[in-house]
Amino acid sequence: MRQTFSIKEKINSLVVVLLPIIITQLSLVSTGFFDTVMAGNVSGIALAGVAIGVNLWMPILNGSIGIISGLTPIISQLYGAKEEEKIINVVIQGLYVATILTVLIIIGQIFVVDSIIASMNLEYEVEHTAKGFLQAISCGILPLFFAIVMRNFIDSLGKTRVTMLITILAVPFNILMNYLFIFGKCGFPELGGIGAGVGSAITYWFMAIMNIVVLLKLKPFTDYLKYQKHYKPNLQLWKEQIKIGLPIGIAIFCEVSIFAAVALFMAEYGTAVIAAHQAAITFAALVYMIPISISMALTIIIGFEVGAKRFKDAVEYTYLGIGIAVFFSVIFGLIFYAFNENIALLYTKEIAVFNLIKTFLIYAIFFQLSDAINAPIQGALRGYKDVNITLIMAIISYWIVGLPVGYILAKLCNFGPYGYWLGLIGGLAVSAVALSFRLKFIQKQKAGW
């Protein structure tokens with residue numbers, strides 16, 4: 001990354017950082033997409049089981065990624081301030097934190113998650129698939145978290161193409177693993193939906209190994225190894241990372257867990273609704289990778305500009321990012337509407353599930369429009385290391401506004417399962433408005449306006 005002096009240079013700089021992140025995020029989330037699509041081609045029951053497993057796994061995964069991502073603004077600001085010698089220690093401390101998170105998650109799965117699944121009164125086959133999926137995927141948690149720490153390091157230096165290439169390679173690898181273990185090809189056991197968890201866990205190990213090879217073999221990453229020594233656990237650096245990362249992680253957990261909660265509420269409407277909801281939300285998650293990628297790019301670039309005390313440049317980058325997100329949101333909204341049936345056919349041939357998916361996708365249009373404003377603003381605030389307000393708004397918008405309103409619409413206004421989607425759309429809109437005011441305040445405060 002470098003200093004820019006015009007809007008044209010800023011657009012070029014943003015695109016250079018952003019495009020690889022978009023491809024990386026699309027590739028990363030596509031593992032869940034292919035898990036769902038390939039399980040759906042086994043049976044509706046397999047799709048429902050994977051849906052339950054994914055909706056319990058994703059809040060934990062994304063909340064943990066949020067905690068780890070506290071590294072990004074720390075490294076970006078050190079890089080912008082030309083204090084490179086401090087960066088490698090920050091990365092190593094991040095690996096310590098990732099190890100602790102892994103232990104806590106595995107303990108939580110043993111004592112909490114299985115009990116949640118058992119309390120849902122699912123069909124036996126659905127429950128068995130969900131539990132097996134989660135047990136399999138837990139074998140890949142530690143390497144995945146290590147890969148994410150290394151990714152934060154690489155991306156914070158502006159080298160987002162490197163992580164893009166690693167993740168692109170992981171996608172066909174994941175598809176191959178799913179093919180072998182879901183359908184039992186080439187002598188491997190036929191595990192159905194559980195095989196999707198096995199395939200994902202093996203893919204996480206593959207990604208970690210690829211990241212390690214890159215850091216040990218390629219410049220400029222090898223240059224940072226000259227600062228390497230035996231760094232003992234540093235509680236002060238843990239505190240700094242957790243102080244930034246924990247609010248991000250909890251905010252993301254609140255956001256993603258609301259979808260898990262909604263998925264659990266969908267269980268009362270039957271297996272077809274569970275499967276259709278999961279299919280639609282998985283496709284919407286693919287589209288969400290555009291605004292979330294812009295959010296991540298803004299965190300990196302704004303962190304770099306704030307570290308260099310170029311506050312006017314940080315403001316300009318923010319509005320460029322929001323504008324790009326809204327533009328793509330409109331384009332994808334048109335795609336959701338025009339290719340509604342084609343998208344639904346990707347997931348199922350069962351007519352009941354097919355018709356439900358089509359309706360859910362219409363609601364997804366408005367859902368991703370709200371995300372196009374909300375996500376980039378969150379990324380910009382994180383670049384300023386202002387993370388507590390995003391946590392507060394996540395709690396308010398999703399759990400105080402979104403879920404209660406959704407419940408009322410579903411239960412009392414006869415919207416059924418679609419009522420929960422309307423509640424989520426309303427919660428996102430509330431968050432976008434509130435965070436817009438906060439961003440304006442922080443920009444003025446930093447620039448001394």
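Mentor: Let's agree on one word before we look around: a residue is buried when its relative accessible area is under 20%, exposed when over 50%, and partly exposed in between. Keep in mind that this is a predicted model.

Trainee: Okay, take K10. What makes K10 count as buried?

Mentor: Its relative accessibility is 1%. The cut-off for buried is under 20%, so K10 counts as buried.

Trainee: And how do you know which class E316 belongs to?

Mentor: E316 comes out at 22% relative accessibility. That value falls between the 20% and 50% cut-offs, so E316 counts as partly exposed.

Trainee: Why are K10 and E316 said to meet in a salt bridge?

Mentor: Side chains of opposite charge can pair when their charged atoms come close. Here the N to O distance for K10 and E316 is 3.3 Å, and the rule asks for a Lys or Arg nitrogen within 4 Å of an Asp or Glu carboxyl oxygen, so the pair passes. K10 sits in helix α1 (residues 7-40) and E316 in helix α12 (residues 311-338), which puts them 306 residues apart. The two also belong to a network of salt bridges that takes in K312 and D313.

Trainee: How many salt bridges does the rule give?

Mentor: The count is 9. One of them pairs R151 with D155, at 3.1 Å from N to O.

Trainee: Where do R151 and D155 lie?

Mentor: Both are in helix α6 (residues 141-156), 4 residues apart, about one turn of the helix.

Trainee: What makes R151 and D155 buried or exposed?

Mentor: R151 has a relative accessible area of 12%, and D155 has 4%. Under 20% is the test, so R151 is buried and D155 is buried as well.

Trainee: What about R438 and D386, which parts do they tie together?

Mentor: Their closest N and O atoms are 2.8 Å apart, which makes a salt bridge. R438 lies in helix α16 (residues 418-447) and D386 in the loop between α14 (351-383) and α15 (388-411), so the bridge ties together parts 52 residues apart in sequence. R438 is partly exposed at 27%, whereas D386 is buried at 12%.

Trainee: On to the helices. Why is α4 called roughly parallel or antiparallel to α5?

Mentor: The axes of α4 (residues 87-118) and α5 (residues 124-137) cross at roughly 160° and come within 10 Å. An angle over 145 degrees counts as roughly antiparallel, so that is the label for α4 and α5. The crossing of the two is right-handed.

Trainee: Which residues make the contact?

Mentor: From α4 you have Q109, V113, D114, I117 and A118, and from α5 E127, A130, K131, L134 and Q135. Sorted by type, the contact has 5 nonpolar, 2 polar and 3 charged residues.

Trainee: What is unusual in the backbone?

Mentor: Most residues other than glycine have a negative phi, and most peptide bonds are trans. In this model, K219 and P220 are joined by a cis peptide bond with omega about 5°, and P220 is in the loop between α8 (193-217) and α9 (221-224). C186, not a glycine, has a positive phi of about 55°; C186 is in the loop between α7 (160-182) and α8.

Trainee: How do you know whether C186 is buried or exposed?

Mentor: C186 has 69% relative accessibility. Over 50% is the cut-off, so C186 counts as exposed.

Conventions:
Residues numbered from 1 in each chain as written. Predicted model: local features only at pLDDT ≥ 70, side-chain atom pairs only at ≥ 80, totals over all residues. Heavy atoms only, no water. Axes fitted to C-alpha atoms, helices over the stretch in contact; angles between N-to-C directions. Parallel < 35°, antiparallel > 145°, perpendicular 65-115°, else oblique. Left-handed = near helix turned anticlockwise from the far one by under 90°. Contact = heavy atoms within 4.5 Å. Nonpolar A, V, L, I, M, F, W, Y, C, P; charged D, E, K, R; others polar. Salt bridge = Lys/Arg side-chain N within 4 Å of Asp/Glu carboxyl O. Buried < 20%, exposed > 50% of the residue type's maximum accessible area, 1.4 Å probe, protein only.
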